[in-house]
Amino acid sequence: VAKNSFQFFLKTFKKINPDFYIIFGDRYEMLPLAYLAYLNRSKIIHINGGEVSYGAIDESIRHSITKFSDYHFVANEINKKRVIQMGENPKNVYNYGSLSVDSIKKIKLLNKKQVEKNLKSKLLQKNLVFTYHPETYLKKNQSSDINLILKTFKNYKDIKFFITSPNFDKGSKEIRKIINNFKKKNSNFIFFESLGFKNYISLVNLSDGVIGNSSSGIIEIPSLKKGTINIGKRQLGRSRSSSIIDCNLNSISIKRSLKKLYSKSFQKKILKVL
């Protein structure tokens, strides 16, 4: 099947023969397409290269795509330097910032009434958006981690947790199953397979912040001047702003981080995040 797929895409690429292939980010499904474009000797533009995330396989995939690519549009000067250190031509590496942040600045955010209607759920006085992906590079069994996090959340009856689905990395089925079982017994937990970008960003804007281990909490959410509690090591190595609270994967650390997030001093501090 893999051989037939490669042949199909290779024939398609030769037939279309575009001037450039544009590849965004680090998803594993992009790697074979980058390889085939490279075999076809086509020019590849890679967006968001040079980032580091030690807790996920994205790290290796991202750098592999970088090595296949000819032109690089990175999010900051640190990532630009890293791509050049990997041997890429400095003249072909451009720091144009984050496209995701640009999208947020251009989007017309939904108001509370619109979000509640779209999600078919009311916001409480306190609200958090939770997303947790498998730590693919560091661990195999995700059950104990997600159980620990959810049991810690159970102590906060006054907070409504809007939970978004994990990605499709290995271990995501375990996480999704545990979340679905947990939310049935806890009315302040609501789970969405997919929110869509506009609903997601609008919901975060109306919430007190995000919690979990998604790259969104590191890259995009600071631009909304909302706090991020980053749990575990999935995003270890990424550049981060002062609105991010790094948190160990244990109950005490999570509770301390929640206390900090809701503190007046922290809420005042994040208003100054650029």
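Let us begin with Asn92, which sits in the loop between helix 4 (77-85) and strand 4 (93-95). The model before you is a predicted one, and every value I quote is computed from it. A polar atom of the Asn92 side chain lies 3.4 Å from the backbone oxygen of Asp70. If we set aside neighbours within four places in sequence, Asn92 is in contact with Asp70, Tyr71 and His72.

Tyr71 and His72 bring us to strand 3, which covers residues 71-74. Strand 3 pairs with strand 2 (residues 43-47) in the parallel sense, over three bridges. Within that pair, Ile47 stands opposite Phe73. Helix 4 packs on this sheet, where it touches strand 3 and strand 4. The direction of helix 4 makes about 170 degrees with that of strand 4.

How is the sheet as a whole arranged? Its four strands follow the order 1-2-3-4, with parallel pairing, and the sheet is open. Strand 1 (20-24) and strand 4 form the edges, each pairing on one side only. On average, neighbouring strands are turned by 15 degrees against each other, direction ignored.

I would also draw attention to Asn48, in the loop between strand 2 and helix 3 (58-68). Asn48 is not a glycine, yet its phi is positive, at about 75 degrees. Is Asn48 buried or exposed? Its relative accessibility is 8%, so Asn48 falls under the 20% limit and counts as buried.

A useful counterpart is Lys120, in the loop between helix 6 (112-119) and strand 5. Lys120 also has a positive phi, near 55 degrees, in a residue other than glycine. Lys120, however, is exposed, with a relative accessible area of 77%.

Let us turn to the second sheet. This open sheet has six strands in the order 7-6-5-8-9-10, and the pairing is parallel. The edge strands are strand 7 and strand 10, each of which pairs on one side only. From one strand to the next, the twist averages 20 degrees.

Strand 9 (residues 227-231) deserves a closer look. On one side, four bridges join strand 9 to strand 8 (residues 209-212), and the two run parallel. Gly227 of strand 9 is the bridge partner of Gly209. Strand 9 also pairs with strand 10 (residues 244-247), again in the parallel sense and over four bridges. There, Thr228 stands opposite Ile244 of strand 10.

Which residues of strand 9 point one way, and which the other? Gly227, Ile229 and Ile231 point one way, Thr228 and Asn230 point the other way, and all are buried. With five of its five residues buried, strand 9 is therefore largely enclosed by the rest of the structure.

Next come the helices associated with this sheet. Helix 9 (residues 197-206) lies across strand 5 (126-131), strand 6 and strand 8. Helix 9 runs at about 140 degrees to strand 5.

Helix 8 (residues 172-183) contains twelve residues. From its first C-alpha to its last, helix 8 reaches 17 Å, close to the 16 Å expected at 1.5 Å a residue. Its buried residues are Ser172, Ile175, Arg176, Ile178, Ile179 and Phe182. Seen down the axis of helix 8, these buried residues fall within an arc of 165 degrees, so they line one face of the helix. The general background is that an α-helix has 3.6 residues a turn, so residues three or four places apart point the same way. What covers the buried residues of helix 8? The cover includes helix 7 (143-153), strand 6 (159-164) and strand 7 (189-192). The face turned away from the buried side carries the exposed residues Lys173 and Lys177.

I close with Val101, in helix 5 (residues 99-106). Val101 has a relative accessible area of 14%, and because this is under 20%, Val101 is buried. Not counting residues up to four places away in sequence, Val101 touches Ile219, Glu220 and Ser223. Val101 and Pro166, by contrast, are 65 residues apart in sequence and 21 Å apart in space, from C-alpha to C-alpha.

Key: Residues numbered from 1 in each chain as written. Predicted model: local features only at pLDDT ≥ 70, side-chain atom pairs only at ≥ 80, totals over all residues. Heavy atoms only, no water. Buried < 20%, exposed > 50% of the residue type's maximum accessible area, 1.4 Å probe, protein only. Pairing = 2+ DSSP bridges. Polar contact = N/O pair within 3.5 Å; in protein donor to acceptor, adjacent residues only side chain to side chain. Contact = heavy atoms within 4.5 Å. Expected span 1.5 Å × (residues − 1). Arc of directions from axis to C-beta. Axes fitted to C-alpha atoms, helices over the stretch in contact; angles between N-to-C directions.
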